[in-house]
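Here are some friendly notes to help you find your way around. Please keep the viewer open as you read.

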Amino acid sequence: MASSQQQKQQIQNMLRLDTKQSKRSTMLLEQPVTRQRRDKVSLSAFAFLFAEMIRYTQNRVLGIQDLETKLNELGQRVGVRVFELTMWREKIVRRETRVLQMLVYINSVVWRALFDKPADSLERSTDNEDEYMITDNEPAILKYISVPKEMASFSPGAFISGIVEAIAACCQCPARVTSHVVPVDGLPVRTVILLKFDKDVMEREKRLEAGK
């Protein structure tokens, strides 16, 4: 009899918990998309999720290059959604299709939406006119990521490069985007996102510049 009473009490407690969770989920879904959410995901929770993404992917690839490619692909899925969300929230009526304006959009609007701050710098390569670099001195997603010595060439920022690559494609500026850890004194995880734009994009830019 006592055991039956305990089971009933456990079921009632589970039902109460499920009701609370469903109410919370409903509240989250009812929040307007056009406004920035006040209840942001904690960095530690996101870092845990990102670490599990890396672990899951690492168990299904053969090498570092494959691992970075897979993380880039995951980032591209996120990038398309980030592009749509930021366009909606910023009330931008048309997408940026010029290279520089698109890069400024990523450097400021997208970075602020993702990491709560703009990127630290946006530069053009002095050697190749089709290459640009976005630098983040302390990427938030790498704060709790430790890369072992045997994987020293691995850049977890490949996930970020995938986000950038997807947004560039959405803006009709396709590019090959890669991530590189370039540490300096005091900034051990300084990450450079390198964009190398397609030949057609650069030719279009030259035509547009000549038509001004």
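The points below start with the overall layout and then move to individual helices and residues.

1. **What you are looking at.** Please bear in mind that this is a predicted model. The protein has six helices and four strands. Reading from the N terminus, the elements come in the order α-α-α-α-β-β-α-β-β-α.

2. **Burial and contacts overall.** Of the 212 residues in the protein, 33% are buried. Contacts across the sequence are worth a look too: taking contacts between residues at least 6 apart in sequence, 61% join residues at least 24 apart.

3. **How α2 meets α3.** A good place to zoom in is the pair formed by helix α2 (residues 43-58) and helix α3 (residues 64-89), whose axes lie 10 Å apart and make an angle of about 130°. That angle falls outside the ranges for roughly parallel, perpendicular or antiparallel, the last of which needs over 145 degrees, and α2 and α3 are therefore oblique to each other. Their crossing is right-handed. On the α2 side the contact is made by Met53, Ile54, Thr57 and Gln58, and on the α3 side by Leu67, Lys70, Leu71 and Leu74. Sorted by class, this contact of α2 with α3 has five nonpolar residues, two polar ones and one charged one.

4. **The length of α3.** Does the span of α3 agree or disagree with its residue count? With 26 residues at 1.5 Å a residue, α3 should span 38 Å, and the C-alpha atoms at its ends are 36 Å apart, so the two agree. Just past the end of α3, look for Lys91, which takes a positive phi of about 55°.

5. **The buried side of α3.** Which residues of α3 are buried? They are Leu67, Leu71, Asn72, Gly75, Gly79, Val82, Phe83, Thr86 and Met87. Leu67 and Leu71 also belong to the contact with α2 described above. The partners of the buried α3 residues are α2, α4 (99-115), α5 (158-170) and β3 (175-181).

6. **A covered helix, α5.** Helix α5 has 13 residues, and 11 of them are buried, so you will find this helix mostly covered. The buried set includes Phe159, Ile160, Ile163, Val164 and Ile167, along with Ser161, Gly162 and Cys170. These buried residues pack against α2, α3, α4, β3 and β4 (191-197). From its first C-alpha to its last, α5 reaches 18 Å, close to the 18 Å expected at 1.5 Å a residue. Gln172, which follows α5, has a positive phi near 60°.

7. **Ser121 in β1.** Next, try selecting Ser121, a residue of strand β1 (residues 121-124). Its relative accessible area is 22%, so Ser121 is partly exposed; the cut-off for buried is under 20%. Although Ser121 and Ile134 are 13 residues apart along the chain, their C-alpha atoms are separated by 5.8 Å. Leaving aside residues up to four places away in sequence, Ser121 touches Asn107, Met133, Ile134 and Thr135.

8. **Glu205 in α6.** Finally, is Glu205 buried or exposed? Glu205 has a relative accessibility of 12% and therefore counts as buried. This residue sits in helix α6 (residues 199-210). Again leaving aside residues up to four places away in sequence, Glu205 touches Thr97, Arg98 and Val99.

Technical notes:
Residues are numbered from 1 along each chain as its sequence is written. This is a predicted model: local features need pLDDT of at least 70, side-chain atom pairs count only at pLDDT 80 or more; totals for chains, interfaces and linings use all residues. Side-chain values use heavy atoms; hydrogens and water are left out. Axes are lines fitted to C-alpha atoms, for helices over the stretch in contact, and angles run from 0 to 180 degrees between N-to-C directions. Helices (H or I, at least four residues) and strands (E, at least two) are DSSP runs, numbered from the N terminus. Angles under 35 degrees count as roughly parallel, over 145 as roughly antiparallel, 65 to 115 as roughly perpendicular and the rest as oblique. A crossing is left-handed if the near helix is turned anticlockwise from the far one by less than a right angle, and right-handed if clockwise. Contact means heavy atoms within 4.5 Å. Ala, Val, Leu, Ile, Met, Phe, Trp, Tyr, Cys and Pro count as nonpolar, Asp, Glu, Lys and Arg as charged, and the others, Gly among them, as polar. The expected span of a helix is 1.5 Å times one less than its number of residues. Buried means under 20% relative accessible area, exposed over 50%, partly exposed in between (1.4 Å probe, protein chains only).
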